[in-house]
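Let's take a stroll through this protein, one piece at a time. Have the sequence and the 3D view open as you read.

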Amino acid sequence: MPDTPTVPAPDAAPTPTPAPATGIDFRGRVRSCFGLGSRLRSRLSSWFRFRLRSGLRFRIRRSVLVPLTAAVVLVAGTGGWYAAGGGRSTVGPAPAEGPEEVVAPLARSMHLPWPREGQASVAVEGIGSLGTRGEQKPVPIASVTKVMTAYVILKGHPMRAGAPGATVVSDRRAADESYSSVETTAPVLAGREYTQRQLLELMMVPSGNNVARLLARWDAGDEEAFVAKMNRTAAGLGMRATTYTGVSGMEASTRSTAADQLRLARAAMKDPVFRQVVATASVIAPGAGVTFRNTNKLLGRDGVIGLKTGSSTPAGGNLVWATTQEVAGVSRLVLGVVLHQRAGTTPAEGSAAAHEASRALITAIRADLPAAVNRA
């Protein structure tokens, strides 16, 4: 098996019965309006302090209070849909949980070929989100799971760029799993010493499930403890729609969204070692003499420098990708996630669909992004 195996609007709130006019603690009300922009909150607070210092007692009728409160709730309730004063909006439905990325204004003039199925999300470092498409409902992500596995390993065992990292001894279980016929693996020998970098490459380039599990046991003692680390890390990154149940992606119960995986990709690509590993075109398995090519078929084309594939029958085809594009003399990192392509078909068909959808997005973004920046 390659890699691994509209919510109805709430009922309108009843109109409150007008209450007698009463003294209002305006500073408390302003502070409670969490959605209000800091600049507006500061101005309102200063005005109220001036009124209070002047000794002027004032009262406000319910007819004035309700519109003011409604206006504040409108700003707060839109959450990721509109940022107060920012004039930016998201694309697609808001997820059930967690804040939605706001879309950069220049994205409005870009007509991107979004996938017709599944879900996708794209962002440009230093510019912002280019949008999210599809229902952000958690779906199986297959071997895309290994992005988090690598991220947690590198957080716990930092490495310098180009360095081999710590020494890891392969156990018998990882060696025995090398010969699996039901999942993607990479050959390792029991009792042999490997560098941390070698194992990261064997996990990310040919997508070795057995190597992912070996690294998890090395780091946390057992896989369950490592999975707990993955979920804590996801929570810390704000990935509220993500649940990890394994370290390799073999389990269909590991689920996430394109928006969440984009958050992770942005964090992971800040690590120079991670960037080097996912940009590796091929790797030779030490002691086995077998060469594996990166499962990311877009690597090395159209500026693509990573990131990770994943496919299975329940997950369909999934691809997290990273490319670069020069904009106004500055090389910008563009990150994208395409999930759940041709789910329910063969892993090969899903993978091909994910690569095709990603290639279309990358081509369009790189062609139009410089001009879109000039138009904005």
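Which backbone oxygen lies 2.6 Å from a polar atom of the side chain of Thr345? It belongs to Arg342. Keep in mind as you look at such details that this is a predicted model. As for where to find Thr345, look in the loop between strand 11 (330-341) and helix 11 (347-375). Setting aside neighbours within four places in sequence, Thr345 is in contact with Thr313 and Gly350.

Both elements that flank this loop lead us to a sheet. Strand 11 is part of an open sheet of five strands, in the order 2-1-11-10-9, with antiparallel pairing. Strand 2 (128-133) and strand 9 (304-312) are at the edges and have a single partner strand each, so one side of each has no neighbour in the sheet. Going from one strand to the next, the twist averages 10°. In general, the strands of a sheet are paired through backbone hydrogen bonds. Here, strand 1 (residues 119-124) and strand 11 run antiparallel and are joined by six bridges. If you want a spot to zoom in on, find Ser121, which stands opposite Val337 in strand 11.

Now for the other flank of the loop. Helix 11 packs on the sheet and touches strand 1, strand 2, strand 9, strand 10 (316-327) and strand 11. The direction of helix 11 makes about 20° with that of strand 10.

Next, some helices that pack on each other. Start with helix 4 (residues 145-156) and helix 6 (residues 196-204), whose axes come within 10 Å and cross at roughly 170°. Anything over 145 degrees counts as roughly antiparallel, so that is how helix 4 and helix 6 run relative to each other. On the helix 4 side, the contact involves Lys146, Val147, Thr149, Ala150, Ile153 and Leu154, which meet Gln196, Leu200, Met203 and Met204 of helix 6. Sorted by class, the residues of this contact are seven nonpolar, two polar and one charged. Helix 6 itself is mostly covered, with eight of its nine residues buried. Among them are Arg197 and Glu201.

Helix 4 has another partner, helix 8 (residues 223-236): their axes also come within 10 Å, but cross at roughly 95°. That crossing makes helix 4 roughly perpendicular to helix 8. Thr145, Met148, Thr149, Tyr151, Val152 and Ile153 of helix 4 make this contact with Phe226, Lys229, Met230, Thr233 and Ala234 of helix 8. By class, the contact has seven nonpolar, three polar and one charged residues.

Conventions: Residues numbered from 1 in each chain as written. Predicted model: local features only at pLDDT ≥ 70, side-chain atom pairs only at ≥ 80, totals over all residues. Heavy atoms only, no water. Helix = DSSP H or I, 4+ residues; strand = E, 2+ residues; numbered from the N terminus. Polar contact = N/O pair within 3.5 Å; in protein donor to acceptor, adjacent residues only side chain to side chain. Contact = heavy atoms within 4.5 Å. Axes fitted to C-alpha atoms, helices over the stretch in contact; angles between N-to-C directions. Parallel < 35°, antiparallel > 145°, perpendicular 65-115°, else oblique. Nonpolar A, V, L, I, M, F, W, Y, C, P; charged D, E, K, R; others polar. Buried < 20%, exposed > 50% of the residue type's maximum accessible area, 1.4 Å probe, protein only. Pairing = 2+ DSSP bridges.
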